[in-house]
Amino acid sequence: MSSALVPIPRRDLTRAGFGTLPAAINRAGEAAAWRFIEFFTATIRNRNTRAAYAQAINQFFAWCEKHRVTTLEQIKPVVIAAYIENHPAAAPTVKQHLAAIRMLFDFLVIGQIVPMNPASSVRGPKHVVRRGKTPVLKADQARALIDSIKTDSLIGLRDRAIIGLMCYTFARVSAMVHMRVEDYYQNGKRWSVRLHEKGGKQHEVPAHHHAEEYLDAYMDVAGIWEEKKTPLFRSVDKHRLLTANPITRTDVLRMVKRRAQEAGLPSSTCCHTFRATGITAYLENGGTIENAQAIAAHESPRTTKLYDRTSDEITLDEVERIAI
């Protein structure tokens, strides 16, 4: 096996999520290198998943190199088991890393790069979740946050529309930032939003009257009603003017953190907070878990239940009965 660098174009490396090939892959030759790149660029369509798996694989091969496991042939089940057992991260992260390693080696086996998958017999840590950890706001806190946003500027109108949309549609931030102007559309007498969810799925949700109000006000001032194919929510330039570029998830998180701090809300408030807050508020007002699942576009009601915090206050009241 050659130690020379395999000539993989920079654009393909970047798209796969790597700056350079892992040394063990590079030593395995050009066929292995291309198969490795194809795993990330051809089989993983979701950019967020691709980035997470690339980071996991990078860390694994760096650990292997550190422990003198320098070729693919040396990566045995015991090596992967040692990596998993000594991984310092939380159980969900470790399970994700093992899944990435297992899928990669499955792909290498199919491509006849390695004879067997060394990760197939390795078991990950046990991790059972019955209650989500996403920070949730009470309904009055969410209302206070929305009302605290000054709407005398286009940026204020945009930020209110973003937060309002995430609350009233349970939208993931990644689905929201990919919306185009045409994804807010009239459906009979009311308006609806079209969200571009994970796996290329399109999910349509009727717009709550408050969401309508916020979106209309933002789009009126932005003057983008007729620009159907352009981003709905846009970034701003150094002059605080809207650009033609879509706002990013990172930009939204920074905005949410800033707005939450200004409203005196917990620093743990994040984009996903509004998904959990909306679901909890819906269930507290008599909504069903089945309909919450449909609005949130969850595959299973068990996932929706992780966002349900309606029992928190009941639990606290019961604990306070312990009169000592």
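Helices here are DSSP runs of at least four residues, numbered from the N terminus. The model shown is predicted.

**View 1. Thr273 sits in a helix and is buried.** Thr273 belongs to helix α12, which spans residues 271-284. Its relative accessible area is 0%, so Thr273 counts as buried. Contacts within four places in sequence are left aside here. Beyond them, Thr273 is in contact with Thr134, Pro135, Val136, Leu137 and Ser268.

**View 2. Phe18 and Phe40 form an edge-to-face pair.** The structure holds 14 aromatic pairs. A pair of aromatic rings is described by the distance of the centres and the angle of the planes. For Phe18 and Phe40, the ring centres are 5.0 Å apart. Their planes meet at 65°, and over 60 degrees counts as edge-to-face. Phe18 lies in the loop between α1 (10-16) and α2 (23-27). Phe40 lies in helix α3 (residues 30-42). The pair therefore ties together parts that are 22 residues apart in sequence. Both Phe18 and Phe40 are buried.

**View 3. Phe60 and Tyr83 pair between two helices.** The ring centres of Phe60 and Tyr83 are 5.1 Å apart. With their planes at 75°, this pair is edge-to-face. Phe60 is in helix α4, and Tyr83 is in helix α5 (residues 77-85). Parts 23 residues apart in sequence are thus tied together by the pair. Phe60 is buried, with a relative accessible area of 0%. Tyr83 is buried too, with a value of 4%.

**View 4. Nine residues form one aromatic cluster, and a charge sits over one of the rings.** The members of the cluster are Phe18, Phe36, Phe39, Phe40, Phe60, Phe61, Trp63, Tyr83 and Phe107. The charged end of Arg35 sits over the ring of Phe107. That charged end is 3.5 Å from the ring centre.

**View 5. Ile57 is buried and touches Phe18, Phe36 and Phe40, among others.** Ile57 is placed in helix α4. Its relative accessibility is 0%, so Ile57 counts as buried. Residues up to four places away in sequence are not counted among its contacts. Ile57 then touches Phe18, Phe36, Phe40, Ala100, Ile101 and Leu104. Ile163 gives a sense of scale: Ile57 and Ile163 are 106 residues apart in sequence and 34 Å apart in space, C-alpha to C-alpha.

**View 6. Val69 is buried in a loop.** Val69 lies in the loop between α4 and α5. At 10% relative accessibility, Val69 counts as buried, because the limit is under 20%. Not counting residues up to four places away in sequence, Val69 touches Cys64, Gln74, Ile75 and Val79. Val69 and Val136 are 67 residues apart in sequence. Their C-alpha atoms are 44 Å apart in space.

**View 7. The second largest pocket has a volume of about 510 Å³.** The lining of this pocket is made of 18 residues. The closest to its centre are Asn46, Arg47, Asn48, Ser174 and His178. Two elements, α4 (47-66) and α9 (173-177), give two or more residues to the lining. Helix α9 gives the most, with 3 residues. By class, the lining has 2 nonpolar, 9 polar and 7 charged residues.

Terms used
Residues numbered from 1 in each chain as written. Predicted model: local features only at pLDDT ≥ 70, side-chain atom pairs only at ≥ 80, totals over all residues. Heavy atoms only, no water. 1 Å grid on protein atoms, 1.4 Å probe; cavity = no way out; pocket = protein on both sides within 12 Å on 5 of 7 lines; lining within 4 Å. Points joined across faces, edges and corners; volume = space filled by probe spheres on them. Nonpolar A, V, L, I, M, F, W, Y, C, P; charged D, E, K, R; others polar. Phe/Tyr/Trp six-rings, centres within 6.5 Å; stacked < 30°, edge-to-face > 60°. Buried < 20%, exposed > 50% of the residue type's maximum accessible area, 1.4 Å probe, protein only. Lys NZ or Arg CZ within 6 Å of the ring centre and 35° of its normal. Contact = heavy atoms within 4.5 Å.
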